[in-house]
Amino acid sequence: MTVVRSAALFVVAALFEIGGAWLVWQGVRENKGWIWAGAGVIALGLYGFVATLQQDDNFGCVLAAYGGIFVAGSIAWGVIADGYRPDRYDIIGAFICLAGMAVLMYAPRGN
C-alpha cells in the first residue's frame, strides 16, 4: 500500500470518527435530536470499517498511528465546525502527534 493511499484512509477514517462523535455531541449535548445522534453512530461504525482497510495487519499499530491523525483532525474540526482557536501549543502538539504517526506507520522495518 502506498503512503498516499494509507494517509487517505486515515483522513477518511478521521472524518467518520470525528464527524460521528461531533454529530452525537450535537444531538445529545446541543439538543438537536436523535436523528443527529443516530447519524453519528452510523458514522462511527463506518470509521471502524475504514480502519480495517489499512494494509498493515497489526491492529494495535494502525490504531496507535491513527491517534496522531485523530489529534490533529480533532483540532482542525474544532476550528472549522466550532470556531475553536488553537494556540501554538495545540499546533505544536498536533505536529508531534503527526510525526509519531509517520514513524509508527511508515518507518522502514526489518521484517
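Let me begin with a term: a residue is called exposed when its relative accessible area is over 50%, and buried when that area is under 20%. Please keep in mind that the structure before us is a predicted model.

I shall start with the overall architecture. The protein chain holds 4 helices and 0 strands, and its pattern along the sequence reads α-α-α-α. The C-alpha trace spans about 50 × 35 × 20 Å along its principal axes. The chain has 111 residues, of which 26% count as buried. Among contacts with a separation of 6 or more, 64% are made by residues 24 or more positions apart.

I turn now to α4, which covers residues 88–106. Its 19 residues should span 27 Å at 1.5 Å a residue, and the end C-alpha atoms lie 26 Å apart, in agreement with that expectation. The buried residues here are A94, M101 and M105. Viewed down the axis of α4, these buried residues fall within an arc of 15°, so they line one face of the helix. They pack against α1 and α3. Which residues does α4 carry on the face turned away from its buried side? That face holds the exposed residues R88, Y89, F95, I96 and V103.

A general point of helix geometry is useful at this stage. An α-helix has 3.6 residues a turn, so residues three or four places apart point the same way.

The second helix, α2, can be examined in the same manner. It runs over residues 34–51. With 18 residues, α2 reaches 26 Å from its first C-alpha to its last, close to the 26 Å expected at 1.5 Å a residue. Buried in α2 are A37, G40, A43, Y47 and V50. Seen down the axis of α2, the buried residues fall within an arc of 130°, so they too line one face of the helix. The cover over these buried residues includes α1 and α3. On the other side of α2, the exposed residues are W34, I35, V41, I42 and F49.

Next, the internal space. How many cavities of 30 Å³ or more does the model contain? The count comes to 1 cavity, and the space in the largest cavity is about 50 Å³. Its lining is formed by L9, F10, A13, Y47, V50, A51, Q54, V62, L63 and Y66. The elements that give two or more residues to this lining are α1 (3–28), α2 (34–51) and α3 (59–82). By character, the lining residues divide into 9 nonpolar, 1 polar and no charged. Two residues connect this part of the talk with the previous one: Y47 and V50 belong to the cavity lining, and both are buried in α2.

Finally, I would draw attention to two loop residues. N31 lies in the loop between α1 and α2. It has a positive phi of about 55° although it is not a glycine. Is N31 buried or exposed? Its relative accessibility is 69%, so N31 counts as exposed. The other residue, D87, is found in the loop between α3 and α4. At 40% relative accessibility, D87 counts as partly exposed, because the partly exposed class lies between the 20% and 50% cut-offs. As for its position relative to the cavity lining, F10 is one of the lining residues, and the C-alpha atoms of D87 and F10 are separated by 24 Å, with their positions 77 residues apart along the chain.

Definitions and conventions: Residues numbered from 1 in each chain as written. Predicted model: local features only at pLDDT ≥ 70, side-chain atom pairs only at ≥ 80, totals over all residues. Heavy atoms only, no water. 1 Å grid on protein atoms, 1.4 Å probe; cavity = no way out; pocket = protein on both sides within 12 Å on 5 of 7 lines; lining within 4 Å. Points joined across faces, edges and corners; volume = space filled by probe spheres on them. Nonpolar A, V, L, I, M, F, W, Y, C, P; charged D, E, K, R; others polar. Expected span 1.5 Å × (residues − 1). Buried < 20%, exposed > 50% of the residue type's maximum accessible area, 1.4 Å probe, protein only. Arc of directions from axis to C-beta. Contact = heavy atoms within 4.5 Å.
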